[in-house]
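Please read the following report with the sequence and the model open side by side. It takes up the internal cavities, one strand pairing and the charged side-chain pairs in turn.

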Amino acid sequence: MELTIYSQGGQKIGTVALPEGALGEILRKDLLGQAVIMYEANRRRGTASAKRVGEVAGSGKKPHRQKHTGWARAGKKRAPHYRKGGTAHGPKPRDFSYRLNRQMLHVALQSALLGKVRDGEVRVVESMEVSGAKSKGIRGIIQGLGIEGSCLIGMSRTEPSIQAAARNFPDLTVRTVDGLNAYEVLRAKNLLLTRKGFSDLMVRFQKG
């Protein structure tokens, strides 16, 4: 399988081969689903909180006598079934985060990239240079490559000018390839890799 290499202006200038088996042979939808659930859980703030019976303000007085009233027996006015009472089994702040093992996340990322390649949503550009960190420059590159919709840009190393130029676009995300994960790859409609970034990513997968 080969990917076309483009210049910044969108001209085809060559091809690059995808190493055999670098992205696996099958699309592991099961691991992709588990990875997405994990990353979404790790993004949760877990700050929901409700006051329970012992935390609401109010009297601890018994609302009526125990017997001969025709009402169910009750011990306090702050009980959940009374107005302004506490919440029964209400939420409390908690940590939802957890982590799958390294190998599962590695295979999930492989499958996410394999799906992008099969769907024709991966572009490889020879290099990316933006003078003066201007938004106009990054917009010109994206339009020249015919990319529509959200895009994840993967680079071999941090480029402050590219990051600064892309920060005004909510649908553009810039990452180094050693920090890519399956969730970010799936979330973006397109994946744009520099040629060096593509090479580094393939080395990462060949190492396992």
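What follows is a description of a predicted model, beginning with its cavities and ending with its salt bridges.

**The cavities**

How many cavities of 30 Å³ or more does the structure hold? There are 2 of them, and the largest has a volume of about 50 Å³, while the second largest contains about 30 Å³ of space.

The lining of the largest cavity is made up of Leu18, Leu23, Leu113, Val117, Val122, Leu191, Leu193, Phe198, Leu201 and Met202. Two or more of these lining residues come from each of the elements α2 (102-118), β6 (190-194) and α6 (195-207), and α6 is the element that contributes the most, with 3 residues. In character this lining is nonpolar throughout, with 10 nonpolar residues, no polar and no charged ones.

Leu23, one of the lining residues, also marks a place where separate stretches of the chain come together, for its C-alpha atom is separated by 5.8 Å from that of leucine 114, although the two residues are 91 apart along the chain. Leucine 114 itself belongs to helix α2, and its relative accessible area is 5%, so it counts as buried, the limit being under 20%.

The second largest cavity is lined by Met155, Arg157, Thr158, Glu159, Gln163, Val174, Arg175 and Thr176. Its lining divides into 2 nonpolar, 3 polar and 3 charged residues, and strand β5 (residues 172-176) gives the most to it, with 3 residues.

**The strand pairing around β5**

Strand β5 runs parallel to strand β4 (residues 151-155), and 5 bridges join the two. Within this pairing, isoleucine 153 has valine 174 of β5 as its bridge partner, and Val174 is also listed in the lining of the second largest cavity. Together with helix α4 (residues 160-166), strands β4 and β5 form a β-α-β unit that is right-handed.

**The salt bridges**

Side chains of opposite charge can pair when their charged atoms come close. Over the whole structure, 9 salt bridges are found, and the table sets out some of them with the separation of their N and O atoms.

| Lys or Arg | Glu | N to O distance |
|---|---|---|
| Lysine 92 | Glutamate 55 | 2.8 Å |
| Lysine 116 | Glutamate 121 | 3.2 Å |
| Arginine 157 | Glutamate 159 | 3.4 Å |

The salt bridge between glutamate 55 and lysine 92 links distant parts of the chain, for the two residues are 37 apart, and both sit in the loop between α1 (29-43) and α2. Are these two side chains buried or exposed? Glutamate 55 has a relative accessibility of 42% and is therefore partly exposed, and lysine 92, with a relative accessible area of 27%, is likewise partly exposed.

In the pair formed by lysine 116 and glutamate 121, by contrast, both residues are buried. These two are also members of a network of salt bridges that includes Lys189.

Arginine 157 and glutamate 159, which are joined by a salt bridge, return the reader to the second largest cavity, since Arg157 and Glu159 are both among its lining residues. Arginine 157 is nonetheless classed as exposed, because its relative accessible area of 52% lies over the 50% limit.

Methods. Residues numbered from 1 in each chain as written. Predicted model: local features only at pLDDT ≥ 70, side-chain atom pairs only at ≥ 80, totals over all residues. Heavy atoms only, no water. 1 Å grid on protein atoms, 1.4 Å probe; cavity = no way out; pocket = protein on both sides within 12 Å on 5 of 7 lines; lining within 4 Å. Points joined across faces, edges and corners; volume = space filled by probe spheres on them. Helix = DSSP H or I, 4+ residues; strand = E, 2+ residues; numbered from the N terminus. Nonpolar A, V, L, I, M, F, W, Y, C, P; charged D, E, K, R; others polar. Pairing = 2+ DSSP bridges. Right-handed = clockwise from strand over helix to strand, strands pointing away. Salt bridge = Lys/Arg side-chain N within 4 Å of Asp/Glu carboxyl O. Buried < 20%, exposed > 50% of the residue type's maximum accessible area, 1.4 Å probe, protein only.
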